[in-house]
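User: I should like to go through the aromatic and helix packing terms used for this model and see the reasoning behind each.

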Amino acid sequence: MYKPTIQQQDILDCDENCVVIAGPGSGKTSTIAHKIRSVSEGLRWFEGIAAISYTNKASNELKQKTYNLGLKVNNSFFGTIDSFYIGNIIIPFGKRFFGLQQQNIVIDKLDSSNDTYVNRIISDVNKVVERYKSVSVEKLDKDNIIPINEIDRNHFDFISRKFKEGIFDIRLISSISNIIFLSSKACRKYFKSRFKYLFIDEFQDSGKDQYYLFLRISEIGVKCWGIGDINQSIFRFASKSSEFLKELLTNANFINFPMDINHRCHPSIDLYSRKLLGYDEKPIGSENRVYKLFVDGTECDIGRWFEHQMEEIKQMFGIEKNSSIGILATKDITLAKFLEHIDIPHKFYKKSILDQDKSPCNALLSKLLEVAFDKKHTVYNFINDYFDREISSHRFIIKEVSKLVNQFKRKLNKFRSEAITEMNRLLYLFSEITAYIYPDLSNQSAIENLEYLLKNKSLLNDFIPAKDEEVQLMNLHKSKGMEFDVVVHLDLYQFILPVYDWIVKEDLEAYVDSLNLHYVGVTRAKKALFLTSSSKRFQTRTENFINAEQSEFLIGDVERFQTQW
């Protein structure tokens, strides 16, 4: 049973715009799920909330927790920011400015010959948005200001022409959503009547467009919550930055709440993570479970060490399932070297083709694969994500889509487990499902992604949850939001963590990025943490092993908080 701490209860009691700084293991997802349940109880039938996460995985976890609380969220939105923009701004209100599309909209990246022009459009649109940064929505309404009319005419005509042809470049989503929201009274009215609360998780990974639109939505009376942790900002390479979370903390219209009690990690691991961030901590006298391991050899030899020690580690920390052990690294090649000379059941999560496409149809494909391969995800809940069972006009569609999804699930499992190469029926079923759910969107890109997965059948294994006997391996970015009883942290070398740009160029941002990524890895561990390095490491550029130097993150005052294994 959920019993909120004093910190969590203060957050649950807040009915204003707020910022929640939620550290690792703080119970963030459970607290936000209970808040969503609380604010949803008094909503009218057409009202809902919007809960936005950086990844579909994080969004699905939050949605599942709200389902488990017995909450109906039929009129609410759970998903990624791009899906939110597309479904609630681009498709319904874009046509008011750019004209009616002649066919379903394809949300994709235009070919590379358009790159320079698309970047110019983004720059042009952002300049207009910036121009009105200090102009209130009230003044926009009063003076009938329509900022979208100030876009360069050639740029506007290009967007309009493509839109009418059923094409919209995915890189334009956030900037165009901003300017449509500023320019359309109808759009703002829709948001105000439809969404009573907007929750954005992982706010430290926001971009400027997302931040500006978040403030605008709060301006029209929607209660807006930003939840994040500055120390877990790890996507600067994707133009995301914690500076907007920091700026939000200074905004007088938002109440700040901390959630800094770590309920996940063993006290010694929590203490170590705080020491990494520069807190003035003293070693505790109780058991220390932060282990430093140096191997005379390569990443392959760290793998051999683990294979020999795994059963002892499991016994020492009461680990029953191998899947409770996570092997984390910055690079997939390191994980491959770790596995090269050992034979243990494992689940190696590599970058998927679906990770790169954040369109709604692609998100739908991800959910279908979860329904097909993961018993925790049911057809019933899948249907609830898209339809309201209490609306009579939905009942026939619900029956048809349920039938299609069940067929897709059965045939995909048969396709994966048997020597079957016929994939047309699966492609047809997916096309029919997307046509019911997203009748205005082209599903071509998602169909191509599914076809690619079916042609490379082994890739489907990436979507199957780890079995109890399988140790889990993944890169540090992918581990965000996960937890393991035991973590073996690889790649703790100079020029890897921290990276070249800090060591050679003294780029402070590069140092912070590396520290944050290391911090994420450390705080995935619940019972024990192994910080590993070796005398040699694999260099991708030369495809050879070279002499290695242990990471500066492992030396200095933090050594007092480590135990040699």
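Analyst: The following exchange sets values in this predicted model against the definitions they rest on.

User: Why is the pair of Phe181 and Phe191 called edge-to-face?

Analyst: Ring centres within 6.5 Å make a pair, and planes over 60 degrees apart make it edge-to-face. For Phe181 and Phe191 the centres are 5.4 Å apart and the planes 85 degrees, so the pair is edge-to-face. A search of the whole structure finds 36 aromatic pairs.

User: What parts does the pair of Phe181 and Phe191 tie together?

Analyst: Phe181 belongs to helix 8 (residues 173-183) and Phe191 to helix 9 (residues 185-194), so the parts tied together are 10 residues apart in sequence.

User: Why does Phe181 count as buried, and why does Phe191?

Analyst: Buried means under 20% relative accessible area. Phe181 has 0% and therefore counts as buried; Phe191, with 1%, counts as buried as well.

User: How do you know that the buried residues of helix 9 lie on the same side?

Analyst: Cys187, Arg188, Phe191 and Arg194 are the residues in question. Around the axis they cover an arc of only 145 degrees, which puts them on the same side of helix 9. The buried residues of helix 9 pack against several elements, including helix 4 (81-98), helix 8 and helix 10 (208-219).

User: What makes Lys337 a charge over the ring of Phe538?

Analyst: The nitrogen NZ of a Lys must be within 6 Å of the ring centre and within 35 degrees of the ring normal. Lys337 lies over the face of Phe538, at 4.5 Å from the ring centre, so the distance criterion is met.

Technical notes. Residues are numbered from 1 along each chain as its sequence is written. This is a predicted model: local features need pLDDT of at least 70, side-chain atom pairs count only at pLDDT 80 or more; totals for chains, interfaces and linings use all residues. Side-chain values use heavy atoms; hydrogens and water are left out. Rings of Phe, Tyr and Trp (its six-membered ring) pair if their centres lie within 6.5 Å; planes under 30 degrees apart count as stacked, over 60 as edge-to-face and the rest as tilted. Helices (H or I, at least four residues) and strands (E, at least two) are DSSP runs, numbered from the N terminus. Buried means under 20% relative accessible area, exposed over 50%, partly exposed in between (1.4 Å probe, protein chains only). The arc is that of the directions from the helix axis to the C-beta atoms. Contact means heavy atoms within 4.5 Å.
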